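Dear colleague,

I am handing over the structure below, together with an account of what was found in it. Please read the notes with the model open beside them.

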Amino acid sequence: KTKKKMTRLNSSKIKCKEKRAEVWQKEKHEKKMEKKKERMKRKKETEALGDKAPKPYQRTLENTREVDETIVTGEDEEVLKDEECDEFASYFDGKPPKVLITTAAKPTKVSKMFIRDLLLVLPRYCHYYNRSDFELKKIIGFAKRRKFTAIIMINEDRKEVNSLYFVHLPDGPTFHFRVSNIRPATKSIRKKKRPAAPSELMLNNFTTRLGLRVGRALATIFPQKPDF
């Protein structure tokens, strides 16, 4: 005797809309019941074993992250030598920063409000300049002549701030950061006043070669004398 194999219908291949919806609901219910049976089975096993029951495996960002060969552990001599002669070395020896903040061409009120909030956090030597119709090359030339050490340019799309460019002067490098989930200062309980104490930047988990370089670039716009 031959046994007939039960095959499940693929709801996506059914042309009739009503039949397709019926099959999809049935498949959904079957999957739900299977998961319920597995949960009940695990619960009974846990109750039977008590403290000896194995703990369920929980997937997190830490245990699912792929091993990165560029992670720097401890004091790497090669990295330390690179940092001694990179573009940011002079700032960690006491050179004061001077940052120019501007926007993309034809900014809306959204970008200007974001910059207003940004200036509450950034140190006092960060200055906003209106972009007007000037090209970015002319702005960079202007910033070099005025001894600015970096340029931050805010970009927006469809009246939403979506990214910013960080240009280190005089010869780069240039970084591009995405911006999301902005909470304006107008929705904050605190008053819109720049704090008297200088802002400090916490750089945690910047452990790869690229992360260390990005972290050093961001650190050049904040004071190098932390006061904890």
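Which residues does Ile101 touch, not counting residues up to four places away in sequence? In this predicted model, the residues in contact with Ile101 are Ile115, Leu119, Leu122, Cys126, His127, Tyr128, Tyr129 and Ile152.

Overall layout

The protein chain has 228 residues, of which 27% count as buried. Its secondary structure consists of 6 helices and 5 strands. Read from the N terminus, the order of these elements is α-α-α-β-α-β-α-β-β-β-α. If one takes the contacts between residues at least 6 apart in sequence, 62% of them join residues at least 24 apart.

The nonpolar cores

In soluble globular proteins, nonpolar side chains tend to be buried together. The largest nonpolar core of this model has 21 residues. Ile101 belongs to the group that touches the most other members, along with Val99, Leu122, Ile152, Ile154, Phe166 and Ile221. Two or more residues of this core come from each of β1 (99-103), α4 (109-121), β3 (150-156), β4 (161-168) and α6 (209-219). Helix α4 supplies the largest share, with 4 residues. Another core, of 7 residues, lies apart from this one, and its members include Leu100, Ile139, Ile151 and Val167.

Helices α3 and α6

How do the axes of α3 and α6 cross, and within what distance do they come? Helix α3 (residues 77-84) and α6 have axes that come within 12 Å and cross at roughly 30 degrees. Angles under 35 degrees count as roughly parallel, and α3 is therefore roughly parallel to α6. The crossing of α3 past α6 is right-handed. On the α3 side, the contact is made by Glu78, Val79, Asp82 and Glu83. On the α6 side, Arg209, Leu212 and Arg216 take part. Sorted by class, this contact of α3 with α6 has 5 charged residues, 2 nonpolar ones and no polar ones.

Within α6 itself, the buried residues are Gly211, Val214, Gly215, Arg216, Ala217 and Ala219. Arg216 is thus buried and is also one of the residues in the contact with α3. The cover over the buried residues of α6 includes α3, β4 and β5.

Loops beside these helices

Asn205 is located in the loop between β5 (174-178) and α6. Is Asn205 buried or exposed? Its relative accessible area is 72%, and Asn205 is exposed because exposed means over 50%. From Asn205 to Gly215 the C-alpha distance is 9.7 Å, with their positions 10 residues apart in sequence.

Glu69 sits in the loop between α2 (61-64) and α3. With a relative accessible area of 81%, Glu69 is exposed as well. Glu69 and Thr208 are 139 residues apart along the chain, and their C-alpha atoms are separated by 8.4 Å.

Cis peptide bonds

Which residues does a cis peptide bond join, with omega about 10 degrees? Leu169 and Pro170 are joined in this way, and Pro170 is placed in the loop between β4 and β5. The peptide bond from Gly172 to Pro173 is also cis, with omega near 10 degrees. Pro173, too, is found in the loop between β4 and β5.

Positive phi angles

Two lysine residues deserve a look at the backbone. Lys106 is not a glycine, yet it has a positive phi of about 50 degrees. This residue lies in the loop between β1 and α4, and Lys106 counts as exposed at 77% relative accessibility. Lys147, another residue other than glycine, has a positive phi near 65 degrees. The loop between α5 (136-145) and β3 holds Lys147, which counts as exposed at 66% relative accessibility.

With kind regards

Terms used
Residues are numbered from 1 along each chain as its sequence is written. This is a predicted model: local features need pLDDT of at least 70, side-chain atom pairs count only at pLDDT 80 or more; totals for chains, interfaces and linings use all residues. Side-chain values use heavy atoms; hydrogens and water are left out. A nonpolar core is a set of buried Ala, Val, Leu, Ile, Met, Phe, Trp, Tyr and Cys residues joined through side-chain atoms within 4.5 Å. Buried means under 20% relative accessible area, exposed over 50%, partly exposed in between (1.4 Å probe, protein chains only). Contact means heavy atoms within 4.5 Å. Axes are lines fitted to C-alpha atoms, for helices over the stretch in contact, and angles run from 0 to 180 degrees between N-to-C directions. Angles under 35 degrees count as roughly parallel, over 145 as roughly antiparallel, 65 to 115 as roughly perpendicular and the rest as oblique. A crossing is left-handed if the near helix is turned anticlockwise from the far one by less than a right angle, and right-handed if clockwise. Ala, Val, Leu, Ile, Met, Phe, Trp, Tyr, Cys and Pro count as nonpolar, Asp, Glu, Lys and Arg as charged, and the others, Gly among them, as polar.
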